[in-house]
Amino acid sequence: MNKKKTLALCLATCATIFTSIPVYANNYTDSNLPEKYIGYNNYVDTKLRHKKDDSYHYIYSTASVPIRVISYSPDRDNCTKHGYAVIPANSKRFITNYVNESTYSQCRLSICTNISGVTTTLHGKWSPDSIGSYPIANP
């Protein structure tokens, strides 16, 4: 076989292999946080979402007080570095988590206020995967 035919065969084989591998986009599309009443001992959970990579979670809290966030697996295993992350009032943050490293493909956030005796209505957005650059809430 001459070099041109060998190269063409190699390129065709590689193209077939690479086009048959599924490619998943990171799941960084924002979902609304549940607009529900939260307190220091009154957690609200988001819906389960698929996590595609080992990136941070993204959260944008428009709540008027700092919130405490825990990343849970579907089995309710805490996958948050240091156990939880504190998100300042009206801010965007990344949350370090171990969802993928713990072999889970889904997660949810559980959220309450971070100050005893303080209540508010939760507002904002989140995504299980992240892009961009924001401060890390729990480095």
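Select Tyr-56 first, in the loop between E4 and E5, and display its surroundings in this predicted model. Leaving aside residues up to four places away in sequence, Tyr-56 touches Lys-51, Phe-94, Ile-95, Thr-96, Asn-97, Pro-128, Asp-129, Ser-130 and Ile-136. With a relative accessibility of 30%, Tyr-56 counts as partly exposed. If you add Tyr-28 to the selection, you will find its C-alpha 10.0 Å from that of Tyr-56, although the two are 28 residues apart in sequence.

**The salt bridges around Lys-51**

Two of the residues that Tyr-56 touches, Lys-51 and Asp-129, lead to the next stop. Select Lys-51 together with Asp-129, and look for the salt bridge in which the closest N and O atoms are 2.6 Å apart. This pair links distant parts of the chain, with Lys-51 in the loop between strand E4 (49-50) and strand E5 (57-61) and Asp-129 in the segment after strand E11 (124-127), 78 residues apart. Now add Asp-53, whose side chain meets that of Lys-51 in a salt bridge of 3.8 Å, N to O. Lys-51, Asp-53 and Asp-129 are thus linked in a network of salt bridges.

Are these charged partners buried or exposed? Asp-53 and Lys-51 are both buried; the relative accessibility of Lys-51 is 3%, and Asp-129, with a relative accessible area of 0%, is buried as well.

**A salt bridge between a loop and a strand**

The whole structure holds three salt bridges, and one of them is found by selecting Arg-76 and Asp-45, whose side chains meet at 2.8 Å, N to O. Because Arg-76 lies in the loop between E6 and E7 and Asp-45 in strand E3 (residues 44-45), the pair ties together parts that are 31 residues apart in sequence. Arg-76 counts as partly exposed at 39% relative accessibility, and Asp-45 counts as partly exposed at 33%.

**The nonpolar core**

Next, select Ile-59, Ile-67, Val-69, Ile-87 and Ile-111, which touch the most other members among the 18 residues of the largest nonpolar core. Strand E6 (67-72), strand E7 (85-87) and strand E9 (106-113) are the elements that give two or more residues to this core, and E9 gives the most, with three residues. In soluble globular proteins, nonpolar side chains tend to be buried together.

Centre the view on Ile-67 and show what surrounds it. Not counting residues up to four places away in sequence, Ile-67 touches Ile-38, Ile-59, Ser-61, Ala-85, Val-86, Ile-87, Ile-111, Cys-112, Thr-113, Asn-114 and Leu-122.

**Lys-36 and its contacts**

Leu-122, one of the residues that Ile-67 touches, is also touched by Lys-36. Select Lys-36 in the loop between strand E1 (31-32) and strand E2 (37-38), and, again setting aside residues up to four places away in sequence, you will find that Lys-36 touches Val-44, Thr-120, Thr-121 and Leu-122. His-123 is worth adding here, since its C-alpha lies 7.9 Å from that of Lys-36 in space while 87 residues separate the two in sequence.

**Cysteines**

How many disulfides does a search of the whole structure find? There are zero, and Cys-79 with Cys-107 makes a useful pair to inspect. The sulfur of Cys-107 is 8.0 Å from the closest cysteine sulfur, in Cys-79, which is too far for a bond. Both residues lie out of reach of solvent to the extent that Cys-79 counts as buried at 3% relative accessibility and Cys-107 counts as buried at 0%.

**The whole chain, and where to be careful**

Finally, zoom out and colour the chain by secondary structure, which comes to one helix and eleven strands, with the helix preceding the strands along the sequence. Buried residues make up 37% of the 139 residues. Of the contacts with a separation of 6 or more, 79% are between residues 24 or more positions apart. The accessible surface comes to about 8000 Å², and 54% of it belongs to carbon and sulfur atoms.

Colouring by pLDDT shows an average of 86, with 82% of the residues scoring at least 70. Residues 4-25 should be selected separately, as the pLDDT there is below 50 and the stretch has four contacts in the model beyond near neighbours in sequence.

Methods. Residues numbered from 1 in each chain as written. Predicted model: local features only at pLDDT ≥ 70, side-chain atom pairs only at ≥ 80, totals over all residues. Heavy atoms only, no water. Helix = DSSP H or I, 4+ residues; strand = E, 2+ residues; numbered from the N terminus. Buried < 20%, exposed > 50% of the residue type's maximum accessible area, 1.4 Å probe, protein only. Contact = heavy atoms within 4.5 Å. Areas by Shrake-Rupley, 256 points an atom, 1.4 Å probe, with all protein chains shown as cover. pLDDT = per-residue confidence, 0-100. Core = buried A, V, L, I, M, F, W, Y, C linked by side-chain atoms within 4.5 Å. Salt bridge = Lys/Arg side-chain N within 4 Å of Asp/Glu carboxyl O. Disulfide = S-S within 2.5 Å.
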